Amino acid sequence: MNYNVKHLSLLIALLLLLFPIGSCSSKPVNVLPDGRYIPADFAGVVHAGMTNTAEEFDLINHMGIKWILHTFNWSSIEPEQGQWDFSRYETFVDNAQADNIKVIGVLAYDVHWIFEEGERSRYIPSDKIPEFCNYARKTAEYFKGRVDAWCIWNEPNTSRFWTGTDVEFYELTRQAADAVREADSDVILLAGAFNRGYFGLPEKLIRGLFESGAMEKVDGIAFHPYELNAVRSIRLYDKFIKIVDEYGFKDKIWVTEMGFPTGGKLPTKIKEERFPEMVIKSFAHLAAAGSQFVLWYQLFDPLERDADDSEDFFGLVRSRGDYTSKAAEAFRLCALYMPDTICYVLTDGLPGSIRAFWFKGEDKSALVLWKEGLGIKKINIQLPGTDHLLHDIVTGNKIALPSENVINAGNEPVFITYCGKSEEKPAVRAY
């Protein structure tokens, strides 16, 4: 993401008001009625592991993180033409591989030596695309077998990251995809990495990328559904699905960034006490809607935070200094209990305000539910299996489900797990 939030926050706030996404309802969209398999490595984070310390990797493993995304910045790898330096990423990649954590590398951004003095940057001129492709090829070749996926560029629909023309971006994507495939024919390759942008979804740019032929050698399309809350994020995701489905990519969407700041001036800021709620709701909705993987932006807040800069407040953990959780335990619940299950959305006998997601695993399953809107509903839950545990989404603590099997459902999600093999669906009934 990495917006210059101080300059953009007022503009984005106005645009969100002028161009809202969807309604206030968060009814699940594009849900498969027969359930949807959630990959075992469904959950990841952005910007983690670069301290290369055992403490950080212990946290990463505790949280159940299976993917980490970093930008393998061209300016770091080839600071001067023909001078190659992969050392910034070497130890991180080796540590991640040692812990069976997969890596997505973003191939992006420019170098000073392709421009004349005074020329603009954050794009690749057409005549310099071969230079970018050489960097992409050499980087993919160097990390072959160690980096699991590459994504070409980041958020090209915002001037913060791309100032060239649409046609130049299509050509960059097409040629870079060819270069990566030359170096590593088996690696997962993503493109797009679109976000909402200043004026809504960049539909023209998205369609143009497909219709130009640039996506022919790409395995998936990256998307960043940043919005005001989880409800609006899933509505935005739904609109994105409808566009890419026309090109056969409905089941090839990777959410490579998703998050909410708990401070600063961005209009997407939420209160810190609601952060765990937004994590659970986002993961549940995106799992049901078909996202292949979800990577949360990001693991840490910086040690020193600027109160006006929302970029300093996206972390699941407050900082590398104190390692205290803002929403790490909520993420951990999603990462441990949602993957490697079949996700069903339960609606039978429930009022329209109740959201209920059943994650049916082989030996352990989870039920996640909440009520939209004001007030609470009493819910009776009858579960198969044993060891019915109610998890606190803030602390991660767990207690036995009350013997009367009645819980109060409000805006904060209820997260229940249980053990045992069973095809029997949980019985969920509202009073």
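1. Crossing of H5 and H6. In this predicted model, helices H5 and H6 cross with right-handed geometry. Their axes come within 8 Å and make an angle of roughly 35 degrees. Two packed helices are described by the angle between their axes and the distance between the axes.

2. Contact residues. H5 contributes Ile129, Phe132, Cys133, Ala136, Arg137, Ala140 and Glu141. On the H6 side the partners are Glu168, Glu171, Leu172, Gln175, Ala176, Ala179, Val180, Glu182 and Ala183. Two of these residues, Phe132 and Glu171, are taken up again below.

3. Glutamate 171. This residue belongs to H6, which spans residues 166-183. Its relative accessible area is 28%, so glutamate 171 falls between the 20% limit for buried and the 50% limit for exposed, and is partly exposed. The side chain of glutamate 171 makes a polar contact of 2.8 Å with the side chain of glutamine 175. Both glutamate 171 and glutamine 175 are also among the H6 residues that meet H5. Along the chain, serine 212 is 41 residues from glutamate 171, yet their C-alpha atoms are separated by 8.2 Å.

4. Aromatic pairs. The whole structure holds 37 aromatic pairs. Take phenylalanine 132 and tyrosine 135: their ring centres are 5.2 Å apart and their planes stand at 70 degrees, over the 60-degree cut-off, so the pair is edge-to-face. Both residues sit in H5 (residues 129-142), three residues apart, or about one turn of the helix. Phenylalanine 132 has 0% relative accessibility and counts as buried. Tyrosine 135 is likewise buried, at 0%.

5. A tryptophan pair. The rings of tryptophan 153 and tryptophan 162 have centres 5.3 Å apart, with planes at 90 degrees, so this pair is edge-to-face too. Tryptophan 153 is buried at 0% relative accessible area. Tryptophan 162 is buried at 6%.

6. Aromatic cluster. Both pairs belong to one aromatic cluster. Its members are Trp74, Tyr109, Trp113, Phe115, Tyr123, Phe132, Tyr135, Trp153, Phe161, Trp162 and Phe169. Phe132 therefore has a place in the cluster as well as in the H5 contact with H6, and is buried at 0%.

7. Arginines over rings. Two cluster members, Tyr109 and Phe161, carry an arginine over the ring face. Arginine 122 lies over tyrosine 109, at 4.1 Å from the ring centre. Arginine 160 lies over phenylalanine 161, at 5.2 Å from the ring centre.

Methods: Residues are numbered from 1 along each chain as its sequence is written. This is a predicted model: local features need pLDDT of at least 70, side-chain atom pairs count only at pLDDT 80 or more; totals for chains, interfaces and linings use all residues. Side-chain values use heavy atoms; hydrogens and water are left out. Helices (H or I, at least four residues) and strands (E, at least two) are DSSP runs, numbered from the N terminus. Buried means under 20% relative accessible area, exposed over 50%, partly exposed in between (1.4 Å probe, protein chains only). A polar contact is a pair of N or O atoms within 3.5 Å; within protein, one must be able to donate a hydrogen and the other to accept it, and residues adjacent in sequence count only if both atoms are side-chain atoms. Rings of Phe, Tyr and Trp (its six-membered ring) pair if their centres lie within 6.5 Å; planes under 30 degrees apart count as stacked, over 60 as edge-to-face and the rest as tilted. A charge sits over a ring if NZ of Lys or CZ of Arg is within 6 Å of the ring centre and within 35 degrees of the ring normal. Axes are lines fitted to C-alpha atoms, for helices over the stretch in contact, and angles run from 0 to 180 degrees between N-to-C directions. A crossing is left-handed if the near helix is turned anticlockwise from the far one by less than a right angle, and right-handed if clockwise. Contact means heavy atoms within 4.5 Å.
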